[in-house]
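Here's a quick tour of a few spots worth a look in this protein. Have the sequence and the model open side by side as you read.

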Amino acid sequence: MKKVDRRSALTIALATAASAVVTKHATAQQPTASAGKEIAPGVRQVELGKARASMIPAYKTVSMRDVVYQPKAKTSNPGMKNDMVCHCAEGELRIKQGPGMEFVAKKGDVWSCNKGLPEDTENIGRGVSIMRVIDFDFVA
């Protein structure tokens, strides 16, 4: 396990707090099966707002999106393009982030991903699963 510095801890804390506030509001407006754009069979991405300037010095912008997985749908990402904090807003997702780094995220769980980290995600529940993602884009 990596040691977490103050900047990383602050980033994660702010993202988690923001996700909790937005989740309360957004759960009343869950994305429909046809919302957003299809990024894989049975998987749609719904933008929840435009990128805004970040107050965290290491990042240029921050944005948020939902990734909606139909039952048994999955995605594979060989390397994250930026740091992010993810939240399972609905359902159950199996997350594989490389050898020995596999877990099941259930409704309410929060995790983070760093730039370059691979991630395979699969909906293992019986209903729709929603992964809420807060993206942190680096200063160029």
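Is Lys-72 buried or exposed? Lys-72 is exposed, with 67% relative accessible area. Keep in mind that this is a predicted model.

## A lysine in a loop

To find Lys-72, go to the loop that runs between strand 3 and strand 4. Its backbone has a little quirk: phi of Lys-72 is near 70 degrees, which is a positive value in a residue that isn't glycine.

## A threonine in strand 3

Step back into strand 3, which covers residues 59-69, and you'll come across Thr-61. Thr-61 has a relative accessible area of 17%, and buried means under 20%, so Thr-61 counts as buried.

Who does Thr-61 touch, once neighbours within four places in sequence are set aside? One group of contacts is Ala-51, Arg-52, Ala-53 and Ser-54, and Thr-61 also contacts Asp-135, Phe-136 and Asp-137.

## The four-stranded sheet

Next up is an open sheet built from four strands in the order 4-9-6-7, with antiparallel pairing. Strand 4 (74-77) and strand 7 (102-106) sit at the edges. Each of these two has a single partner strand, so one side of each goes without a neighbour in the sheet. On average, neighbouring strands here are turned by 15 degrees against each other, ignoring direction.

For a closer look at one pairing, take strand 6 (residues 92-96) and strand 7, which run antiparallel and share five bridges. If you want a pair to click on, try Glu-92, whose bridge partner in strand 7 is Lys-106.

## Two cysteines, no disulfide

How many disulfides does the model have? The count is zero. Cys-86 and Cys-113 are the pair to check here: the sulfur of Cys-86 has its closest cysteine sulfur in Cys-113, 4.2 Å away. A disulfide needs the two sulfur atoms within 2.5 Å, so that gap is too far for a bond. Seen from the other side, Cys-113 is in no disulfide either, and the nearest cysteine sulfur to it is that of Cys-86.

What about solvent? Cys-86 is buried, at 0% relative accessibility. Cys-113 is buried as well, with a relative accessible area of 4%.

Conventions
Residues numbered from 1 in each chain as written. Predicted model: local features only at pLDDT ≥ 70, side-chain atom pairs only at ≥ 80, totals over all residues. Heavy atoms only, no water. Buried < 20%, exposed > 50% of the residue type's maximum accessible area, 1.4 Å probe, protein only. Contact = heavy atoms within 4.5 Å. Pairing = 2+ DSSP bridges. Axes fitted to C-alpha atoms, helices over the stretch in contact; angles between N-to-C directions.
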